[in-house]
Amino acid sequence: QVQLVESGGGLVQPGGSLTLSCAASGSIFTWYTMAWYRQAPGKQRELVASITSNGGRTNSVDSQKGRFTISRDNAKNRVTLQMSSLKPEDTAVYYCNARSYRDPAVQYWGKGALVTVSS
């Protein structure tokens with residue numbers, strides 16, 4: 001079992017920046033690909049970015065490239081999402097995700113952190 005706890009959400013003005021953090025516990029952190037997903041009101045959950053244990057990154061949405069950066073600290077069992085130039089359409093609940101290398105069907109979710117981009 002992996003427990004994931006997000007922090008850092010909140011209200012930010014358009015054009016502003018925010019960093020989300022996810023603390024993982026309960027298993028060996030490097031056994032998992034870590035990712036951030038988001039779900040906006042009335043929309044499906046979508047992948048924002050993922051990162052492998054050795055630092056290989058994937059950004060899922062073109063609009064996020066260059067604005068969102070995922071990082072992980074394997075020594076601290078932590079993954080972060082740095083977001084800049086935020087837009088109102090980035091408003092969503094952001095979820096931390098851990099997916100097992102050994103069995104990709106095994107994955108865990110945090111409870112989510114709300115990010116609201118509004119003036």
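How many residues lie between S4 and S5 in the hairpin that they form, and which residue in the turn has a positive phi? Six residues separate the two strands, and Gly42 in the turn has a positive phi of about 75°. This briefing concerns a predicted model. Its topics are an open sheet of four strands, the hairpins formed by S4 with S5 and by S7 with S8, three aromatic pairs, and one cavity of 30 Å³ or more.

**The four-stranded sheet**

- The sheet is open, its strands follow the order S1-S3-S8-S7, and their pairing is antiparallel.
- Strand S1 (3-7) and strand S7 (68-73) form the edges, each pairing on one side only.
- From one strand to the next, the twist averages 15°.
- In general terms, the strands of a sheet pair through backbone hydrogen bonds, in either a parallel or an antiparallel manner.
- Strand S3 (residues 18-25) and strand S8 (residues 78-83) run antiparallel and are joined by six bridges.
- Within this pairing, Thr19 stands opposite Gln82 in S8, and Leu20 stands opposite Leu81 in S8.
- S8 is also paired with S7, again in the antiparallel sense and over six bridges.
- On that side, the residue of S8 that stands opposite Phe68 is Met83.

**Hairpins and positive phi values**

- S7 and S8 form a hairpin in which four residues lie between the strands.
- The turn of this hairpin contains Asn77, whose phi is positive at about 55° although Asn77 is not a glycine.
- Asn77 belongs to the loop between S7 and S8 and counts as partly exposed because its relative accessibility is 23%.
- S4 and strand S5 (residues 46-51) pair in the antiparallel sense over five bridges.
- One register point of the S4 and S5 pairing is Arg38, whose bridge partner in S5 is Glu46.
- The turn between S4 and S5 holds Gly42, with its positive phi of about 75°.
- Ser85 is a residue other than glycine with a positive phi, in this case near 45°.
- The position of Ser85 is in the loop between S8 and S9, and its relative accessibility of 41% is why Ser85 counts as partly exposed.

**Aromatic pairs**

- A search of the whole structure finds three aromatic pairs.
- In one of them, the ring centres of Tyr32 and Tyr108 are 6.2 Å apart and the planes stand at 70°, so the arrangement is edge-to-face.
- Because Tyr32 lies in strand S4 and Tyr108 in strand S10 (residues 107-109), this pair ties together parts that are 76 residues apart in sequence.
- Both Tyr32 and Tyr108 are buried.
- Tyr95 and Trp109 also form an edge-to-face pair, with 6.4 Å from centre to centre and 85° between the planes.
- This second pair links distant parts of the chain, since Tyr95 is in strand S9 (residues 92-100) and Trp109 is in strand S10, 14 residues apart.
- The relative accessibility of Tyr95 is 13%, so Tyr95 counts as buried.
- Trp109 has a relative accessible area of 33% and is therefore partly exposed.
- Tyr37, Tyr95 and Trp109 are linked by ring pairs into a cluster.

**The cavity**

- The count of cavities of 30 Å³ or more comes to one.
- The largest cavity has a volume of about 40 Å³.
- Its lining consists of Val2, Ala24, Ser25, Gly26, Ser27, Phe29, Tyr32, Met34, Asn77 and Ala98.
- S3 and strand S4 (32-39) are the elements that give two or more residues to this lining.
- By residue class, the lining of the largest cavity divides into six nonpolar, four polar and no charged residues.
- Tyr32 appears in this lining and also in the edge-to-face pair with Tyr108.
- Asn77 is likewise among the lining residues, in addition to its place in the turn between S7 and S8.

Notes:
Residues are numbered from 1 along each chain as its sequence is written. This is a predicted model: local features need pLDDT of at least 70, side-chain atom pairs count only at pLDDT 80 or more; totals for chains, interfaces and linings use all residues. Side-chain values use heavy atoms; hydrogens and water are left out. Two strands pair if DSSP finds at least two bridges between them. Axes are lines fitted to C-alpha atoms, for helices over the stretch in contact, and angles run from 0 to 180 degrees between N-to-C directions. On a 1 Å grid over the protein atoms alone, a cavity is a set of points where a 1.4 Å probe fits but cannot get out, and a pocket is an open set with protein on both sides within 12 Å along at least five of seven lines; lining residues have an atom within 4 Å of a point. Grid points are joined across faces, edges and corners, and a volume is the space filled by probe spheres set on the points. Ala, Val, Leu, Ile, Met, Phe, Trp, Tyr, Cys and Pro count as nonpolar, Asp, Glu, Lys and Arg as charged, and the others, Gly among them, as polar. Rings of Phe, Tyr and Trp (its six-membered ring) pair if their centres lie within 6.5 Å; planes under 30 degrees apart count as stacked, over 60 as edge-to-face and the rest as tilted. Buried means under 20% relative accessible area, exposed over 50%, partly exposed in between (1.4 Å probe, protein chains only).
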